[in-house]
Amino acid sequence: MSTIYEKVRCSMPDIRWLSEEEQQLWLEFREFLWGFPSAMDRQLARDSGMSSGEYAVLAAVSQGAPEALRSGDLATSLQWERSRVSHLLRRMEAKGMIERRAASADGRGQEITMTNSGWKAIRAAAPAHVGFVREALFDPLSELEKDQLRSMLGKIRSAVVERELW
């Protein structure tokens, strides 16, 4: 009995369809793409009570300009839509993790600073999060495999950037 995929494939012979092996690899890659961020969210929620988005914002602000980080620069560095950043910053401000104020240089945009509570949160979360990344992503790989992964990810990203979809 043929599958829907096989029927569609036969009806469109000019398309470069995935081979059986490529299809299995794609499904494995897709599962990883969806599963790893969820695992990271669970680790951060379990160990520090924050989301990966909150952690990403606190990490970026902690590494930003010493006085403050503009919200637009934050969105750019995280490669997120400004609306996503704005909603998350509003929630983080309500939790007392960050403060927002009008940009001092031109009054346009907002500058983000971390509160003492935000600094405590990132300092408490970082060790377990770094441990998770090390143990889940780097420890299972040899140095050669890490180099290969870096190369593969660069090639994949370039292919997407060329299509102006990144």
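1. **L149 in α7.** L149 sits in helix α7. This is a predicted model, so the values here are computed from predicted coordinates. Is L149 buried, exposed or partly exposed? Its relative accessible area is 27%, so L149 is partly exposed. Setting aside residues up to four places away in sequence, L149 touches L137 and L141.

2. **After α7: E164.** Helix α7 covers 143–162. E164 belongs to the segment that follows α7. Its phi is near 55 degrees, a positive value in a residue other than glycine. Most residues other than glycine have a negative phi. With a relative accessible area of 71%, E164 is exposed.

3. **After α7: W166.** W166 also lies in the segment after α7. Its relative accessibility is 53%, so W166 counts as exposed. Exposed does not mean without contacts here: leaving aside neighbours within four places in sequence, W166 is in contact with Q79, R157, V160 and V161. The partner Q79 is 87 residues away along the chain, yet the two C-alpha atoms are separated by 9.0 Å.

4. **Q79, the partner of W166.** Where does Q79 lie? Q79 is in the loop between α4 and α5. Phi of Q79 is near 60 degrees, which is positive although the residue is not glycine. Check Q79 together with W166, as the two are in contact.

5. **Helix α2.** This helix runs over residues 20–48. What span should its 29 residues have at 1.5 Å a residue? The expected span is 42 Å, and the end C-alpha atoms are 42 Å apart, which agrees. The buried residues of α2 are Q23, F36, Q43 and L44. Just after the helix, G49 takes a positive phi of about 70 degrees.

6. **Helix α3.** Helix α3 spans residues 52–63. The same length test works here: at 1.5 Å a residue, its 12 residues should span 16 Å, and the end C-alpha atoms are 16 Å apart. Which residues of α3 are buried? They are G53, E54, Y55, V57, L58, A59, A60 and V61. E54 is thus on the buried list of α3.

7. **α3 against α6.** Helix α6 covers residues 116–138. Helices α3 and α6 pack at an angle of about 110 degrees, and their axes are 10 Å apart. That angle makes α3 roughly perpendicular to α6, because 65 to 115 degrees counts as roughly perpendicular. From α3, the contact uses Y55, L58, A59 and S62. From α6, it uses G118, W119, A121, I122, A125, A126 and H129. By class, that is 8 nonpolar, 3 polar and no charged residues.

8. **The nonpolar core.** How many residues does the largest nonpolar core have? It has 24 residues. V57, L58 and L74 have the most contacts inside it. The elements that give two or more residues to this core are α3, α4 (71–78), α5 (82–94), β3 (110–114) and α6. The largest share, 6 residues, comes from α3.

9. **V57 in detail.** V57 is one of the buried residues of α3. It is also among the residues with the most contacts inside the core. What does V57 touch, leaving aside neighbours within four places in sequence? Its contacts are L74, L78, W80, L88, L89 and M92. L74 appears both here and among the residues with the most contacts inside the core.

10. **I98 in β2.** Strand β2 covers residues 98–102, and I98 is in it. At 1% relative accessibility, I98 counts as buried. Residues up to four places away in sequence aside, I98 touches L58, L89, M92, E93, I112, T113, M114 and T115. L58, in this list, also takes part in the contact of α3 with α6. I98 and V61 are 37 residues apart along the chain, and their C-alpha atoms are separated by 9.2 Å.

11. **T113 in β3.** T113 is found in strand β3. Is T113 buried or exposed? Its relative accessibility is 12%, so T113 counts as buried. Leaving aside neighbours within four places in sequence, T113 is in contact with V61, E67, A68, I98, E99 and R101. I98 and V61 are thus both partners of T113.

Conventions
Residues numbered from 1 in each chain as written. Predicted model: local features only at pLDDT ≥ 70, side-chain atom pairs only at ≥ 80, totals over all residues. Heavy atoms only, no water. Axes fitted to C-alpha atoms, helices over the stretch in contact; angles between N-to-C directions. Helix = DSSP H or I, 4+ residues; strand = E, 2+ residues; numbered from the N terminus. Parallel < 35°, antiparallel > 145°, perpendicular 65-115°, else oblique. Contact = heavy atoms within 4.5 Å. Nonpolar A, V, L, I, M, F, W, Y, C, P; charged D, E, K, R; others polar. Core = buried A, V, L, I, M, F, W, Y, C linked by side-chain atoms within 4.5 Å. Buried < 20%, exposed > 50% of the residue type's maximum accessible area, 1.4 Å probe, protein only. Expected span 1.5 Å × (residues − 1).
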